[in-house]
Amino acid sequence: EEQMKMLSNGNDMMQPFCQAFACKFHERVLAAAPLAWPTDLKVPFTSLDEIISATSTNVRQLVSLACIEIAQQGQHGLASILTNFDQLRDEVMNNQCTLTILENGDVK
């Protein structure tokens with residue numbers, strides 16, 4: 001939940017991500033099998049990174065660019081070790097990488 005708040009941050013451009021997340025989450029609930037039934041607390045294969053990796057290229061790029069913005073603010077992981085955000089942005093736009101937010105708030 002906190003990861004979703006950090007990514008959306010009141011940004012209307014994140015609507016495609018939220019819509020894709022809801023659709024993929026619903027697909028995973030419907031696809032659950034007897035050994036991995038969903039419960040009130042857990043739905044298999046619905047972590048943020050598992051959902052993001054299953055979305056369209058556009059949604060993955062949108063999420064990755066939001067992660068770069070978070071990292072550039074210097075609060076979460078990458079800013080302390082990465083200075084070339086332009087190169088990372090190019091890699092995202094060329095589908096060479098996808099970024100996400102870990103449960104502790106670090107950008108991965």
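Residues with a relative accessible area under 20% are taken as buried, those over 50% as exposed, and those in between as partly exposed. By this scale Cys18, with a relative accessible area of 32%, is partly exposed, whereas Cys67, at 0%, is buried. The structure holds zero disulfides.

The model is a predicted one. Its chain has a mean pLDDT of 81, and 79% of the residues reach 70 or more. Among the elements of the chain, the lowest mean pLDDT, 56, belongs to helix H5 (residues 78-81), and the highest, 91, to helix H6 (residues 85-93). Where pLDDT is low, the predicted coordinates should not be read in detail.

Helix H2 covers residues 15-31. At 1.5 Å a residue, its 17 residues should span 24 Å, and the C-alpha atoms at its ends are 24 Å apart, in agreement with that value. Phe17, Ala20 and Phe21 are buried in H2. Viewed down the helix axis, the buried residues of H2 fall within an arc of 105 degrees, so they line one face of the helix. The face turned away from this buried side carries the exposed residues Gln15, Gln19 and Leu30.

A comparable check was made for helix H4, residues 57-72. With 16 residues at 1.5 Å each, H4 should span 22 Å, which agrees with the 22 Å between its end C-alpha atoms. The buried residues of H4 are Val59, Gln61, Leu62, Val63, Ser64, Ala66, Cys67, Ile68, Ile70 and Ala71. Cys67, one of these residues, has a relative accessibility of 0%.

Two salt bridges are present in the structure. In one of them, Lys24 pairs with Glu27, and the closest N and O atoms are 3.5 Å apart. Both residues lie in H2, three residues apart, which is about one turn of the helix. Lys24 is partly exposed, at 21% relative accessibility, and Glu27 is also partly exposed, with a relative accessible area of 42%. A further salt bridge joins the side chains of Asp86 and Arg89, with an N to O distance of 3.2 Å. Asp86 and Arg89 are three residues apart in helix H6 and are therefore separated by about one helical turn. Asp86 counts as exposed at 52% relative accessibility, while Arg89 is partly exposed at 25%. An α-helix has 3.6 residues a turn, so residues three or four places apart point the same way.

Backbone geometry was examined next. Most residues other than glycine have a negative phi. Phe45 has a positive phi, near 60 degrees, and is not a glycine. Phe45 is placed in the loop between H2 and helix H3 (48-53) and is exposed, with a relative accessible area of 55%. Asn95, likewise not a glycine, has a positive phi of about 60 degrees. Asn95 lies in the segment after H6 and is partly exposed, at 48% relative accessibility.

Contacts between parts of the chain were examined for Ile51 and Thr100. Ile51 lies in helix H3 and is buried, at 0% relative accessibility. Leaving aside neighbours within four places in sequence, Ile51 is in contact with Phe21, Lys24, Phe25, Arg28, Phe45 and Thr46. Among these contacts of Ile51 are Phe21, one of the buried residues of H2, and Lys24, which takes part in the salt bridge with Glu27. Phe45, a further contact of Ile51, is the loop residue with a positive phi. Ile51 is also separated from Cys23 by 28 residues in sequence, and the two C-alpha atoms are 9.6 Å apart in space.

Thr100 is placed in the segment after H6, as is Asn95. Thr100 is buried, with a relative accessibility of 7%, whereas Asn95 is partly exposed. When residues up to four places away in sequence are not counted, Thr100 touches Leu48, Asp49, Ile52, Cys67, Asp106, Val107 and Lys108. Cys67, included in this set, is a buried residue of H4.

Definitions and conventions
Residues numbered from 1 in each chain as written. Predicted model: local features only at pLDDT ≥ 70, side-chain atom pairs only at ≥ 80, totals over all residues. Heavy atoms only, no water. Helix = DSSP H or I, 4+ residues; strand = E, 2+ residues; numbered from the N terminus. Expected span 1.5 Å × (residues − 1). Buried < 20%, exposed > 50% of the residue type's maximum accessible area, 1.4 Å probe, protein only. Disulfide = S-S within 2.5 Å. pLDDT = per-residue confidence, 0-100. Salt bridge = Lys/Arg side-chain N within 4 Å of Asp/Glu carboxyl O. Contact = heavy atoms within 4.5 Å. Arc of directions from axis to C-beta.
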